[in-house]
Amino acid sequence: MRIAIVGRLKNYEDEEEIDLVKEFDKLNLENVKINKEKRKQENYILIIGGTNLEYLNQEKGIFISKEIKTSSLKIFQYFISLLNTKVAVIDRKEIIEKPIFEEIEKDHSKILLQEYTTFGYLETALYQVRNIPFKLIIDLSEIYDYKIEESEIKETPHDLNLQDSFPNSQIVKIDYSTNDNDLERTCNHMKELLKK
């Protein structure tokens with residue numbers, strides 16, 4: 001059998017793409033069934049939601065945080081139903097623990113959930129998924145650096161630099177002020193991005 005395959009491969013140039021399934025099928029091997037069904041490309045989507053908290057006194061559980069204005073749930077529900085689509089969600093614990101996630105998480109092949117509280121935990125969660133070839137990253141997060149100056153809390157928006165960590169992904173940042181109609185329109189637009 002090895003000689004037959006090597007003989008067939010000699011007909012190809014070094015840089016030419018070879019369909020090995022097709023070549024094995026041409027050999028008409030006994031007791032070998034070749035599955036010629038084309039595999040559909042899977043789309044991997046990452047949804048980042050929520051906002052970080054900053055501990056002022058971790059022992060006493062005192063922290064600063066913004067109110068979570070929206071969650072990744074609506075966008076998650078939109079994309080999880082698509083064929084050949086797997087979704088990872090990084091969000092706050094109170095969102096990740098919602099029953100909808102628990103229900104769908106039973107099918108581990110379609111979903112990955114990561115929770116975070118502080119910016120450090122968010123960085124760790126992003127690092128853990130860095131090798132997944134996400135076609136689309138949807139950033140709903142509101143991440144801030146906090147400082148106390150003259151008894152006043154100062155907040156500065158923090159850029160996650162997702163393009164540096166995921167250079168081959170299309171990244172869409174969604175503002176919290178987006179209303180439901182705009183969100184649906186945005187989801188439809190992102191669905192079109194997956195087809196490209």
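Start by selecting glutamate 155 and lysine 66 in this predicted model: the two form a salt bridge, with the closest N and O atoms 3.2 Å apart. Glutamate 155 sits in strand S8, while lysine 66 is in the loop between strand S3 (62–65) and H3, so the pair ties together parts that are 89 residues apart in sequence. Colour by accessibility and both come up partly exposed, glutamate 155 at 39% and lysine 66 at 24%.

Stay on strand S8 (residues 152–157) and pick isoleucine 153. Isoleucine 153 is partly exposed, at 45% relative accessible area. Now add Leu56, Ile62 and Ile148: with Ile153 they make a nonpolar patch on the surface, about 360 Å² of accessible area together.

Back to the charged pairs. The salt bridge count for the model is 6. For another one, select lysine 86 and glutamate 42, whose side chains meet at 3.6 Å, N to O. Lysine 86 belongs to strand S4 and glutamate 42 to the loop between helix H2 (20–26) and S1, which puts them 44 residues apart. Each is partly exposed, lysine 86 at 25% and glutamate 42 at 25% too.

Next, try aspartate 139 and lysine 173, a salt bridge with its closest N and O atoms 3.6 Å apart. Here strand S6 (aspartate 139) is linked to strand S9 (residues 170–173), home of lysine 173, across 34 residues. Is aspartate 139 buried or exposed? Buried, with a relative accessible area of 7%.

Then go to arginine 92 in strand S4. Arginine 92 is buried, at 7% relative accessible area. Show its side chain together with that of serine 65 and you'll find a polar contact of 3.5 Å. Beyond its sequence neighbours within four places, arginine 92 is in contact with a list of residues including Asn52, Leu53, Ile68, Glu115 and Tyr116.

Last stop, the interior. The largest nonpolar core has 22 residues, and Ile47, Ile75, Phe79, Leu136 and Ile138 have the most contacts inside it. Among the elements that each supply at least two residues of this core are strand S1 (43–48), helix H3 (73–80), strand S5 (111–116) and helix H8 (180–195). H8 gives the most, with 5 residues. Centre on isoleucine 75: leaving out neighbours within four places in sequence, its contacts are Ile47, Ile138, Leu140, Ile174, Leu183 and Cys187. To finish, select Leu46, Tyr116, Ala125 and Phe166, which are among the 16 residues of a second, separate core.

How values were computed. Residues numbered from 1 in each chain as written. Predicted model: local features only at pLDDT ≥ 70, side-chain atom pairs only at ≥ 80, totals over all residues. Heavy atoms only, no water. Core = buried A, V, L, I, M, F, W, Y, C linked by side-chain atoms within 4.5 Å. Buried < 20%, exposed > 50% of the residue type's maximum accessible area, 1.4 Å probe, protein only. Helix = DSSP H or I, 4+ residues; strand = E, 2+ residues; numbered from the N terminus. Contact = heavy atoms within 4.5 Å. Polar contact = N/O pair within 3.5 Å; in protein donor to acceptor, adjacent residues only side chain to side chain. Patch = residues over 30% accessible without salt bridge, like charges linked within 9 Å, V, L, I, M, F, W, Y side chains within 5 Å. Areas by Shrake-Rupley, 256 points an atom, 1.4 Å probe, with all protein chains shown as cover. Salt bridge = Lys/Arg side-chain N within 4 Å of Asp/Glu carboxyl O.
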